[in-house]
Amino acid sequence: LKSVDEAGIDRHHWMVQVGVFHDRDKVQNVARMIQNLDLPVKVSEAGENRLCRILVGPFPNRKEATVTADKIHKGTGLDNFLVRHNRNFGDDCRLDN
């Protein structure tokens, strides 16, 4: 299975995972930091432990996701990593706004 078509375009979407947290206040603070960088944030519930995963994206290719990951690290100091986009990230976490 190729992930790049003949034109060199990545057919998979990518996201940047910033963290997985149980503490809803921490989730809210981290999500706000990402939003302050004008980036699209997705917070979803993952697993039986009801942990909240913070994702940024999706991005059409790995290069754009990598640039964004660097922007997040430089702008917030938060470590992160790239993940393949999957429509089934779990239910949205309920956060106070």
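**T68 and the sheet beside helix 2**

Colleague: Where is T68 placed?
Modeller: T68 sits in helix 2, which covers residues 62–76. Keep in mind that this is a predicted model.

Colleague: Is T68 buried or exposed?
Modeller: T68 has a relative accessible area of 7%. The cut-off for buried is under 20%, so T68 counts as buried.

Colleague: Which backbone oxygen lies 3.0 Å from a polar atom of its side chain?
Modeller: That of E64.

Colleague: And which residues is T68 in contact with, leaving aside neighbours within four places in sequence?
Modeller: V16, L39, V56 and F59. Two of those names come up again in the sheet: V56, in strand 3, is the bridge partner of V16.

Colleague: Which strands does helix 2 touch, then?
Modeller: Helix 2 packs on the sheet and touches strand 1, strand 3 and strand 4. The direction of helix 2 makes about 40° with that of strand 1.

Colleague: Switching to the sheet. What is the strand order?
Modeller: The order is 2-3-1-4, in an open sheet of 4 strands with antiparallel pairing. Strand 2 (41–46) and strand 4 (81–84) are the edge strands, each pairing on one side only.

Colleague: What does the twist average from one strand to the next?
Modeller: The twist averages 40°.

Colleague: Over how many bridges do strand 1 and strand 3 pair?
Modeller: Over 6 bridges, in the antiparallel sense. Strand 1 spans residues 14–21 and strand 3 spans residues 51–59.

Colleague: What do strands of a sheet pair through?
Modeller: Through backbone hydrogen bonds, whether parallel or antiparallel.

Note on methods. Residues are numbered from 1 along each chain as its sequence is written. This is a predicted model: local features need pLDDT of at least 70, side-chain atom pairs count only at pLDDT 80 or more; totals for chains, interfaces and linings use all residues. Side-chain values use heavy atoms; hydrogens and water are left out. Helices (H or I, at least four residues) and strands (E, at least two) are DSSP runs, numbered from the N terminus. Buried means under 20% relative accessible area, exposed over 50%, partly exposed in between (1.4 Å probe, protein chains only). A polar contact is a pair of N or O atoms within 3.5 Å; within protein, one must be able to donate a hydrogen and the other to accept it, and residues adjacent in sequence count only if both atoms are side-chain atoms. Contact means heavy atoms within 4.5 Å. Two strands pair if DSSP finds at least two bridges between them. Axes are lines fitted to C-alpha atoms, for helices over the stretch in contact, and angles run from 0 to 180 degrees between N-to-C directions.
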